[in-house]
Amino acid sequence: MMRVVLDTNIWISGLLWNGLPTQILNLAKNQKITIFISEEILIEITKNLSCLCQFSLVEASQLRDSDDIIIISTAISAQAQAIITGDLDLLTLGEFQGIPILTCADFLEPYFN
């Protein structure tokens, strides 16, 4: 069985989003590879996820769909000026911590009106 070490960005991407990093984590889950992690890497992952963890504990109760935590936390981390979505669960909020949540049409209106 192949033995691998994953960089922090692969861990975070694999845990939060679907894509190639998730496929790598699934290989380990299915016992096709063995992933090794050090205490230092674990600390780095924890530090990078701390914003998400704090958000999840405090704010998740406001969300109708817990999967939306990823979108909200990314917007907060990026200091985004808007979240653009077609997801009714997010649109119902209208805004989150001062970040407007808009449909594509609402976002584009000022530019093409």
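# Group meeting talk: two helices, two cores

Let me start with one residue, Ala28, which sits in helix H2, a helix made of residues 20-29. Before going further, please keep in mind that the model on the screen is predicted.

Staying with Ala28, is this residue buried, partly exposed or exposed? Its relative accessibility is 24%, and the cut-off for buried is under 20%, so Ala28 counts as partly exposed. Leaving out residues up to four places away in sequence, Ala28 touches Ile33 and Ile35. There is also a link back towards the start of the chain: Val4 is 24 residues from Ala28 in sequence, and the two C-alpha atoms are 9.6 Å apart.

Now the overall picture. The protein has 113 residues, and 26% of them count as buried. It contains six helices and five strands. If you walk along the chain from the N terminus, the order of elements is β-α-α-β-α-α-β-α-β-β-α. Take the contacts between residues at least 6 apart in sequence: 41% of these join residues at least 24 apart. As for the surface, the protein exposes about 7900 Å², of which 56% comes from carbon and sulfur atoms.

Next, the inside. In soluble globular proteins, nonpolar side chains tend to be buried together. Which residues make up the largest nonpolar core here? There are 10 of them: Val4, Leu6, Trp11, Ile12, Leu25, Ile33, Ile35, Ile41, Ile45 and Leu49. Three elements each give two or more residues to this core, namely H1, strand S2 (33-36) and helix H3 (39-59). H3 gives the most, with three residues. You have met some of these names already: Val4, Ile33 and Ile35 belong to this core, and Ile33 and Ile35 are the residues that Ala28 touches.

Take Leu49 as an example from the core. Beyond the residues up to four places away, Leu49 touches Ile12 and Leu16. There is also a second core, separate from this one, with seven residues, including Ile72, Leu90, Phe96 and Ile99.

Let me turn to helix H1, which covers residues 8-16, with Thr8 placed in it. Is Thr8 buried or exposed? Thr8 has a relative accessible area of 5%, and because the limit for buried is under 20%, Thr8 is buried. Apart from neighbours within four places in sequence, Thr8 is in contact with Ile41, Glu44, Ile45 and Asn48. Among those partners, Ile41 and Ile45 are also residues of the largest core.

Now H1 and H2 as a pair. Two packed helices are described by the angle between their axes and the distance between the axes. For H1 and H2, the axes come within 7 Å and cross at roughly 90 degrees. Why are they called roughly perpendicular? Because angles from 65 to 115 degrees count as roughly perpendicular, and the crossing of H1 and H2 falls in that range. On the H1 side, the contact is made by Ile10, Trp11, Ser13, Gly14 and Leu15, and on the H2 side by Pro21, Thr22 and Leu25. Sorted by type, the residues of this contact are five nonpolar, three polar and no charged.

Thr22 deserves a closer look. This residue of H2 counts as buried at 12% relative accessibility. Not counting neighbours within four places, Thr22 is in contact with Ser13, Gly14 and Trp17.

A word on the backbone. Most residues other than glycine have a negative phi. Where do we find Gln31, and what is its phi? Gln31 is in the loop between H2 and S2, and its phi is near 60 degrees, a positive value in a residue other than glycine. Gln31 has a relative accessibility of 62% and counts as exposed. Gln97 has a positive phi too, near 45 degrees. Gln97 lies in the loop between strand S4 (95-96) and strand S5 (99-102).

Last stop: strand S5, where Leu102 is found. At 23% relative accessibility, Leu102 counts as partly exposed. Beyond four places in sequence, Leu102 touches Ala82, Ile83, Ile84, Thr85, Leu91 and Phe107. One of those, Ile84, is 18 residues from Leu102 in sequence, with 4.9 Å between the two C-alpha atoms.

Key: Residues numbered from 1 in each chain as written. Predicted model: local features only at pLDDT ≥ 70, side-chain atom pairs only at ≥ 80, totals over all residues. Heavy atoms only, no water. Helix = DSSP H or I, 4+ residues; strand = E, 2+ residues; numbered from the N terminus. Buried < 20%, exposed > 50% of the residue type's maximum accessible area, 1.4 Å probe, protein only. Contact = heavy atoms within 4.5 Å. Core = buried A, V, L, I, M, F, W, Y, C linked by side-chain atoms within 4.5 Å. Areas by Shrake-Rupley, 256 points an atom, 1.4 Å probe, with all protein chains shown as cover. Axes fitted to C-alpha atoms, helices over the stretch in contact; angles between N-to-C directions. Parallel < 35°, antiparallel > 145°, perpendicular 65-115°, else oblique. Nonpolar A, V, L, I, M, F, W, Y, C, P; charged D, E, K, R; others polar.
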